[in-house]
Structure formats: structure tokens, C-alpha cells
Amino acid sequence: MSTADSGKPLTDDYWSQARRPLAALLFLLPLLTLYELGVMYFAETSHSVVRNGADSWMRGWLVSAGLLYPWLLPVAIVVLLGGWHLWERHPWRCSLETMGGMFAESLLFAMALVVMGQLMHLGFEKSPLAALCTASVTLPGSGSAALAVGYVGAGIYEEVMFRLGLLPACLLGMKAWLPRQAAICMAVALTSLGFAGAHYIEPAAGASCTTMLTATAERISSAPPLWFGFAFRAVAGGMFAVLFLWRGFGVTVGCHALYDLLVGVVMRP
């Protein structure tokens with residue numbers, strides 16, 4: 001067993017491998033490829049826009065920064081995960097058994113989230129099962145294939161935006177003035193509320209970020225039919241955040257994508 005310069009032992013069992021950025025990258029690549037090819041296919045054949053909202057937002061930010069290459073965002077994800085693995089100096093190996101285990105974990109947690117949603121639903125007014133879906137993809141009249149592509153994109157890009165990007169940044173800021181455990185709890189809570197609220201943002205031309213957030217908060221608070229969806233998405237966001245910190249990025253993406261596929265496609269009325 002090798003050791004890092006810090007003296008911490010580097011174990012190589014499944015539970016350690018599955019948490020590593022390399023495992024996340026290898027697990028993510030098929031999903032990322034499926035999503036990007038699916039987006040191009042439906043854009044060319046049916047002129048359907050199946051890009052996930054978080055994907056569109058991040059691409060818009062890149063365009064605003066003068067970065068106009070459409071392939072830049074997926075490449076940046078690959079480079080980020082590869083660079084993260086290199087920085088932490090983990091072994092460059094990952095078994096097929098680890099990939100299978102990550103899929104099984106993802107499916108298990110996705111099914112647990114479905115059950116959690118149904119239990120929460122008992123405390124709210126009856127709503128369609130599809131309302132439980134955390135994906136911010138609206139594809140009226142779309143077939144199952146287009147929906148599946150959109151939901152895979154939600155699992156990838158919402159997790160990149162909120163768990164891989166916002167959660168560590170929020171945690172870093174909280175650690176500056178809170179004890180570690182309190183900082184983790186606060187970061188998880190804030191990013192989960194942000195994740196839930198993002199599903200209700202209605203972008204307005206020329207509106208500032210503060211204006212849109214204020215309008216979103218007012219919209220949710222004044223519309224009781226939205227409360228269940230917001231509460232469930234906040235809980236789901238908390239679960240994804242805990243999974244990210246506990247089981248790594250790969251299982252988190254897998255759980256999110258499989259949950260959306262289960263509820264948005266497999267269990268779709």
C-alpha cells in the first residue's frame with residue numbers, strides 16, 4: 001500500500017476507488033457522450049432543444065466571457081476531473097467491478113429518493129408523479145428518447161454546477177467563520193435551497209441576478225401548489241450534497257440521472 005506525501009494511507013478497495021475523480025470521470029464519460037450526441041441528434045432531426053437548464057446557463061456564461069466553442073464545457077469537465085485526480089495523486093487505475101458497484105449504488109440511492117418523494121407527498125396535496133422529477137427540462141410533446149437525453153443532462157450538469165462547483169466554494173467560504181461541521185451543514189443547506197429555487201427561475205432579458213432571485217422567491221412563496229415541488233427538490237439537493245461529500249461525484253451524478261430517468265421516463269404516466 002502506497003502513501004501520499006502527507007503520510008495518509010491510500011487504500012485501493014471499492015469504497016476508496018469509487019470516491020476518486022478518476023472513477024467519476026470513467027463513470028461519467030458514457031453519460032456525457034450520450035447526452036452531447038443526443039442533443040445534436042435531436043437538434044438536427046426534429047429541431048428539438050433538449051439541453052438541460054444548468055447546461056444552457058453555464059454555456060451562456062462562457063459565451064458572455066467570449067468563449068464561443070460549443071465543446072468547451074464538456075472538455076472542461078473532463079479536464080477538471082482528470083486534474084483533480086492528478087492533484088490528489090491517487091493511483092491511475094479503476095476496475096470494471098468498481099464501475100458496476102457505482103451503478104448499483106446510484107440505482108439504490110435513486111430508488112430511495114423515489115420512496116422519499118412518495119413519503120413526502122403524503123404531507124402535501126396530491127400531485128402528478130411527474131412533478132417529483134428534479135430535472136429542469138421541459139419538453140412538451142417529446143418522446144421518451146428526447147426526455148431521457150434531457151434527464152441524463154440534468155444529472156450531469158446540475159451536479160457539475162451545484163455540487164462540483166457551488167458546494168465546495170460555499171464550504172470554503174463557510175469554513176472561514178464557522179467550525180468544520182457547522183460549515184458543512186450550512187453549505188449543504190444553502191446549496192440545496194439554491195438547487196431547489198433554480199428550478200423555478202424564469203430568466204428575464206436584462207434582469208439582474210438579484211432581481212431574478214427575488215422574483216423567484218416571491219413566486220414560490222405566493223403559490224402553494226409549488227411548495228411540495230420546492231420542498232422535495234431541496235431535500236433531493238441535500239441528499240445529492242451528502243452523497244457528493246460521502247460517496248464522491250460519480251455516484252452523485254448516477255443517482256441524479258437514474259432518479260430522473262426512473263420518474264420522468266420509466267414511471268411516466
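## A helical core seen from Ser106 and H6

Let's start at Ser106, which sits in helix H5; helices here are DSSP runs (H or I, at least four residues), and strands (E, at least two) are too, numbered from the N terminus. This is a predicted model, where local features need pLDDT of at least 70, side-chain atom pairs count only at pLDDT 80 or more, and totals for chains, interfaces and linings use all residues. Residues are numbered from 1 along each chain as its sequence is written, and side-chain values use heavy atoms, without hydrogens and water.

Ser106 has a relative accessible area of 0%, so it counts as buried (under 20%; exposed is over 50%, partly exposed in between, with a 1.4 Å probe and protein chains only). Contact means heavy atoms within 4.5 Å. Beyond neighbours within four places in sequence, Ser106 meets Phe27, Gly250, Val251, Gly254, Cys255 and Leu258.

Now to the largest nonpolar core, which has 59 residues. Such a core is a set of buried Ala, Val, Leu, Ile, Met, Phe, Trp, Tyr and Cys residues joined through side-chain atoms within 4.5 Å. Ile156, Tyr157 and Phe249 have the most contacts inside this core. Helices giving two or more residues to the core include those below.

| Helix | Residues |
|---|---|
| H2 | 21-45 |
| H5 | 96-121 |
| H6 | 144-174 |
| H10 | 249-266 |

H6 gives the most, with 13 residues. Of the 31 residues in H6, 22 are buried. H6 also has a kink of about 40°, centred on Glu159; the bend at a residue is the angle between axes fitted to the seven residues ending there and the seven starting there.
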